[in-house]
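Biologist: I have a model open on my screen. Please show me how to read it, feature by feature.

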Amino acid sequence: SNSFELNSKLNVYPNPASEYLIVSGLEGSSKVEIYTITGQLVKSQDFDNEIHINLDLHVGMYLVKVTNGSQSTTKKIIVK
């Protein structure tokens with residue numbers, strides 16, 4: 001149920017994104033990781049409201065994994 005709580009509070013937008021992602025709904029210290037659909041880690045950083053992606057990510061679909069304490073959840077995003 002923990003990950004469901006995190007999932008319902010977490011918002012990742014805009015989607016599709018091109019320059020940055022906003023991650024909202026988190027408290028405390030969190031970690032944000034972005035993976036390709038094939039599971040390759042392409043970006044990892046401590047939580048920040050704005051995650052700049054235009055230099056790191058090509059067009060395509062990605063998984064954004066957010067870890068907050070013992071909870072983690074994953075959101076799908078499109079980079080255009």
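Modeller: We will go through the sheets, the hairpins, the core and a few side chains.

Biologist: What kind of model is this, and how are the residues numbered?

Modeller: It is a predicted model: local features need pLDDT of at least 70, side-chain atom pairs count only at pLDDT 80 or more, and totals for chains, interfaces and linings use all residues. Residues are numbered from 1 along each chain as its sequence is written, and side-chain values use heavy atoms, with hydrogens and water left out.

Biologist: How do I read a sheet?

Modeller: In general, strands of a sheet pair through backbone hydrogen bonds, either parallel or antiparallel. Strands here are DSSP runs (E, at least two residues), numbered from the N terminus. Two strands pair if DSSP finds at least two bridges between them. Now the case: one open sheet has three strands in the order 1-2-5, with antiparallel pairing.

Biologist: Which strands stand at the edges of that sheet?

Modeller: Strand 1 (11-13) and strand 5 (50-52) do. Each has a single partner strand, so one side of each lacks a neighbour in the sheet. From one strand to the next, the twist averages 20 degrees (axes are lines fitted to C-alpha atoms; angles run from 0 to 180 degrees between N-to-C directions).

Biologist: How many bridges join strand 2 and strand 5?

Modeller: Three bridges, in the antiparallel sense; strand 2 covers residues 20-24. Start at Y20, whose bridge partner in strand 5 is H52.

Biologist: What is the strand order in the four-stranded sheet?

Modeller: The order is 4-3-6-7, again an open sheet with antiparallel pairing. Strand 4 (41-46) and strand 7 are its edges. Each of these has a single partner strand, so one side is left without a neighbour in the sheet. Neighbouring strands are turned by 20 degrees against each other on average, direction ignored.

Biologist: Take me across it, pair by pair.

Modeller: Strand 3 and strand 4 pair over five bridges. Strand 3 (residues 30-36) and strand 6 (residues 60-68) pair over seven. Strand 6 and strand 7 (residues 71-79) pair over nine. Y35 is a handy marker: its bridge partner is L41 in strand 4 and L63 in strand 6. Further across, V64 stands opposite K75 in strand 7.

Biologist: Which residues take a positive phi in the hairpins?

Modeller: G39 is one of them, with phi near 95 degrees, in the hairpin of strand 3 and strand 4, which has four residues between the strands. The hairpin of strand 6 and strand 7 has two residues between the strands, and there G69 has a positive phi near 65 degrees.

Biologist: How do I read a core?

Modeller: In soluble globular proteins, nonpolar side chains tend to be buried together. Buried means under 20% relative accessible area, exposed over 50%, partly exposed in between (1.4 Å probe, protein chains only). A nonpolar core is a set of buried Ala, Val, Leu, Ile, Met, Phe, Trp, Tyr and Cys residues joined through side-chain atoms within 4.5 Å. The largest one here has 17 residues. L21, I34, I51, I53, V64 and I77 have the most contacts inside it. Strand 2, strand 3, strand 6 and strand 7 each supply at least two residues. Strand 6 gives the largest share, three residues.

Biologist: What does L21 touch?

Modeller: Contact means heavy atoms within 4.5 Å. Beyond its neighbours within four places in sequence, L21 is in contact with residues including V12, I34, I51, I53, V64 and I77.

Biologist: Is V23 buried or exposed?

Modeller: V23 counts as buried, at 0% relative accessibility. Its place is in strand 2. Leaving aside neighbours within four places in sequence, its contacts are L10, N11, V12, F47, N49 and I51.

Biologist: Now the polar side. Where does the side chain of S30 make a polar contact?

Modeller: With the side chain of N68, at 2.6 Å. A polar contact is a pair of N or O atoms within 3.5 Å; within protein, one must be able to donate a hydrogen and the other to accept it, and residues adjacent in sequence count only if both atoms are side-chain atoms. S30 lies in strand 3 and is buried at 6% relative accessibility.

Biologist: How many salt bridges does the structure hold?

Modeller: One. The term means a side-chain nitrogen of Lys or Arg within 4 Å of a carboxyl oxygen of Asp or Glu. K31 forms it with E33, the closest N and O atoms being 3.5 Å apart. K31 is partly exposed at 36%, whereas E33 is buried at 9%.
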